[in-house]
Amino acid sequence: MKHVSLLLVASALALSVTSGFAYERPRDAARLARYEPFAGEPLKNIPYYTPMNWEVIDDQNILVTMRPKVAYLMLIAGPCVGDHRGSPVLAISSAAGRVSAGFDRVTVGGHMTCKIEEIRAIDLVAMREAEKAGKEAEK
């Protein structure tokens, strides 16, 4: 009887965990869809400043805001951000004041590091104008 109860509890836990992940995906897709239209071509490297803010977009992408009008969408190789969505700590390696795609790495939560595969600048001014125009059109 104990084995059946443990099996039922384990099954319920597995279902709740997987349903949580399934719920996360549409939100992740919407987040990525918000930034991708305003992302430029991939860049080889960017100047490094201490980030003002960062946001997990999905399991492979983060948005790093360096200045009020300067942000980058970074594609990350590996599972660095998926398990650390709420972490307040982000470290980005750099050399000579530059962050390079294919070379530098991101560390989230002080644990695992993953290589930055791609860096794309986000046109924040255009994005904010488009969002403002969309809100005005809804009125």
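**Reading strands, cores and rings**

User: Which residue in β9 stands opposite Arg105?

Analyst: Lys115 in β9 does. This is a predicted model, where local features need pLDDT of at least 70 and side-chain atom pairs 80 or more, while totals for chains, interfaces and linings use all residues. Numbering runs from 1 along each chain as its sequence is written, and side-chain values use heavy atoms, leaving out hydrogens and water.

User: How many bridges join β8 to β9?

Analyst: Strands are DSSP E runs of at least two residues, numbered from the N terminus, and two of them pair if DSSP finds at least two bridges. β8 and β9 have three, in the antiparallel sense. Their hairpin leaves four residues between the strands, and Gly109 there has a positive phi near 70°. β6 and β8 also run antiparallel with three bridges, and Ile92 faces Val106 of β8.

User: Which residues have the most contacts inside the largest nonpolar core?

Analyst: Nonpolar side chains tend to be buried together in soluble globular proteins. A core joins buried (under 20% relative accessible area, 1.4 Å probe) Ala, Val, Leu, Ile, Met, Phe, Trp, Tyr and Cys through side-chain atoms within 4.5 Å. Here the largest has 19 residues, led in contacts (heavy atoms within 4.5 Å) by Ile62, Met74, Ile76, Leu90, Ile92, Val106 and Ile116. Strands giving two or more residues include β4 (61–67) and β9 (113–122). Apart from this core lies another, of 10 residues, including Tyr35 and Leu63.

User: Which ring does the charged end of Arg67 sit over?

Analyst: Look for Lys NZ or Arg CZ within 6 Å of the ring centre and 35 degrees of its normal. Arg67 sits over Tyr49, 4.0 Å from the ring centre.

Terms used: Buried < 20%, exposed > 50% of the residue type's maximum accessible area, 1.4 Å probe, protein only.
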